[in-house]
Amino acid sequence: MVREERPTAQTPVSERQSAVAHEGGPLLIVGAPGTGKTELLARRLAHLVAAGARPESVLMIASRQATAARLRERCEALLTGSYEELWIGSWDAIGERLLREYSEEAGLDPFFDVLSRAERLALLLDRLDRLPLRRHEIRGNPTGLLARLLARIDSLKAERVGPTTLSERARARGEAAGDEAGREAVRRELEFAELYATHDRILAESGSLDRGDVFLAFDCLLVERPDVRRRIAERFGAVMVDELEEATPAERAVLESLAAEDPSQVLALEIGTEAEVTPAEEWFDSVHPGGDRVLLADRFRDPKLSFWRCTNERAQAQAVARAVEHLVAAGTAADEICVLVEDPAKQGGAVAAAMEERGIPFHLSGPTALFQRPEVRDAIAWLRVLAAPDDSAAAARALTRPPVELRSGDLARLTTIARRRKQDMVAACEAALDSPQFQPEARERIQAFLKLYNGAAAVMEERRADVFVRRLIEQVGLRRQRLFAAQPEVAERLLGLSHLAELATAWARREPHGSTRDFVAYLSAVAEAGTEPDETEHQHSPGAVNVMAAAAVKGLGFDRVFVLGLEQEGEWEQIGWPARSSLVLSRLERSAGGEAARPSRFYEEALAAADEGDAEGALEELHEEELFGPAEGLHATYRALREQVLEASWRAGRELSEPRLDTAIDVNRALARYLELLKLAALAQRPGEETTAEAIEAVNGLLRQVATPEQQAELDASSLDAYLLDSEHERGHRLELVAAREEPSLAAFLPKRGDGMLSLSASDLSLYLTCPLKYKFARVFGIPQEPTINQRFGILFHNVLERFHKEPPEHPGEGLGVLNRLFESGWRRTGFGSSDDELQFRDRAREALRLYWERERESEGEPVWLEKKFDFKVGDHHVRGRVDRVDRLPDGDYELIDYKTGERKSEEDLDDDLQLALYRMAAREAWGIEASTGSYYYVLDAEKVPAPTRPDDAERVERTVLQVGEGILSQDFEPRPSPSVCSWCDYRLICPAAEA
């Protein structure tokens, strides 16, 4: 349906005045982003009050908290007289408040709780055994599954669809289902409807509602109690709603019920450039046929528009940070700058890293923003290791972060002790105190960790979660920079820790009998699911650049706005018109995988429109990655050294309270570090083209005039100048110097053979290529990890098939029975139970074994080797491993088979496969046979997929082995963040790339 030209309430010249002074009947205000709809509603309230209405008799609602806050701010500025209160708020706030006031009429406890999605997730995880999940694939991750199911429940409630309606729809589809797949989908939908109903029962038992329940209950109250509806309509003589386009059907139903008593509603609706009638307009026409309309055409914001084309994500983030730094230096307030990305959890990391390198304070908001902050991750690591000493990743973070700061080599020694003795990391720390492998400094750091750990563990069970969390934050010293809180970025840290403590307080109020361990389980689940604990929208952070999701910017306004990632298609139109002075639209030339990326439709249309309006045509600015440029390196070093200064001052201050013979030495050392910080600040801000060497000499001359002889000796002994001079050389050499200066070599812990040569497997190569830092955690440090249910299942399936082929049945008809007996025996021995998750694996396994046996009966290949090992050399490295199965084919050729219990890949997906290419090379080098075929056997799908062979496979394998070997030996363990990889990584908690 196309939007027609409709008559407005007045002529276009006076359309705003007519809307402000509109009398009687419904009015729809329609306009594009930036046309002043919110301001118009605020002026209408002022007009009504001037005409004699009481401010508290006007109900004003917005969909977003930010818009409601701006609406309230403008109304308060326009109203000059006194009043009782203003009924202005978001749908959530207004709906909950009204329902509480009329809770008795609605049959509700007036003290009901409204639970966020995170709180409901914790509630369901505690009652997992009550949830019908037999037909939903849990795959060892109930948290992720439940988070997705809760999101769907919320969407259905917003659409006013309950579990009964959902069941009826599913049964209707079931009658028309023509195959087993369709019938299974119906059964799964019926199970979800049952889960939906169970979710609501669990909430009712706890005396709680969710956000969707608030509006369903309120609408039910208005429909079933006309007297209540009449009282509310009389109480609010005028109803105004902003952002009608975002109101859900459940929220619009409330408006519809109130319109039955008084149709005089003024509603503001945002539209785009398209001519199609929106669902909100259709709803207005159905509820208010013949209602007046006002179309706002003029925009009040006309920012300068720029277009960026960036070579990669890093280049884009660097360009933004550089531009922001210049804007702030020119006088723009940092909190008047906003950077928009599609998903802060995925794209925010690169921006955060670039901001950190330049020392720019920033505030990252979004569902996982709190849990990305380093100080919050530090606190969570301590909580997790206190709740579960065998949580190796948490222990590793607690050991290597302040205040302990154990060095990498010592951490590797600790993990070696833990693996060899089969102990948790805490017990390994106890053992390390008596080990000659550790230097006195390392033992002192381990002892400091154990002192903090034992002190906290002793009182963990005795104190409420909120009291314990606050005390832990103080004891561990996570707030120790409080004296420097005037810096915006440090204030951000303190706010993050305060938010964590507030979460503990809110949880303790809801769960008065819960233990601190229960709170840690809740916190871990929420962090893993990526769910905002309190579902708050963007919070203003004074003095910090805002980095946030594009979908969350509506209702907010900033002086300068950067929109990143416009090579991806998305609902970018929803960002509206948030910039007052300048708006930058940026896209990537290439995706993270290196493929060429096309600009999004939104970007192309904006660029085309700019071309039409500019006689010279709109130009794209090209931004390329700067590989550690001088200014960037100085900023990064400044940040790192500032942390050292804070730590040194803290230690020196502690010693001043307990003077020792060497106290003066430590104080002078702390002051020398501060002077170095001044040096860096001067170098980073130096004008002109002066070289780094000349600038260092000039600054050193000035510092000699103020430093004492003792402090000058410390400065002369420092390696900072050499480090800064080296920053002008190539990256690899500088990283080498930093490693030599800050950390002992990890060469002793690299996986080598007795002959000193590096030992690599196909999984090692894949792991390093995926993320070198993950390889370091898993293979160099060897941080112990409990096997997941997916890994345990894969091992069991491999063992069953190996045993079956080693001892095949005498009679062909017994094959399936033997397979099932082996599986059942292994199932019991490996400790699998009867949870829905485990039973799903069992069902899939039994069906997979049946299909496997049917396929094997028809197979032409004959298994000749099982778990066949190999070891051969490529350059100076050993390549080792084992092949699950080797078949001899009728023509005498061989087929190498690798079993997979994961997701099936197609031949196209395996085009550049490395593992089977390496296996074919191993067959030739180690066994002396040629195997022209290599296949992955996806046993759960009962499908064997051959990997394509290429003439250069051997050369490719050799090149990869040498490349990975060189990276490992040079200890190049830089992280390679990727949303698809990082979301499943076991080392997220200790990975710096997962921080913001």
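Begin by selecting Tyr894, which is buried, with a relative accessible area of 15%. The model on screen is a predicted one. Now add Trp865 to the selection; this residue is partly exposed, at a relative accessible area of 27%. Because buried means under 20% relative accessible area, the two residues fall into separate classes.

Display both side chains as sticks. Trp865 and Tyr894 form a stacked aromatic pair, with 6.2 Å from centre to centre and 10 degrees between the planes. Next, colour the strands: Trp865 belongs to strand β17 (residues 862-874), while Tyr894 belongs to strand β19 (residues 894-900). The pair thus links distant parts of the chain, 29 residues apart.

Widen the selection to Phe870, Phe872, Tyr919 and Trp927, which form one aromatic cluster together with Trp865 and Tyr894. Then select Lys868, whose charged end sits over the ring of Trp865, 4.5 Å from the ring centre.

For a further example of a charge over a ring, select Arg100 and Phe112. The charged end of Arg100 lies over the ring of Phe112, 4.1 Å from its centre.

The count of aromatic pairs in the model comes to 27. To view one of them, select Trp308 and Phe562, a tilted pair with 5.7 Å from centre to centre and 50 degrees between the planes. Which strands hold these two residues? Trp308 lies in strand β9 (residues 304-310) and Phe562 in strand β13 (residues 558-563), so the pair ties together parts that are 254 residues apart in sequence. Finally, display the surface: Trp308 is buried, with a relative accessible area of 5%, and Phe562 is buried as well, at 3% relative accessibility.

How values were computed: Residues are numbered from 1 along each chain as its sequence is written. This is a predicted model: local features need pLDDT of at least 70, side-chain atom pairs count only at pLDDT 80 or more; totals for chains, interfaces and linings use all residues. Side-chain values use heavy atoms; hydrogens and water are left out. Rings of Phe, Tyr and Trp (its six-membered ring) pair if their centres lie within 6.5 Å; planes under 30 degrees apart count as stacked, over 60 as edge-to-face and the rest as tilted. Helices (H or I, at least four residues) and strands (E, at least two) are DSSP runs, numbered from the N terminus. Buried means under 20% relative accessible area, exposed over 50%, partly exposed in between (1.4 Å probe, protein chains only). A charge sits over a ring if NZ of Lys or CZ of Arg is within 6 Å of the ring centre and within 35 degrees of the ring normal.
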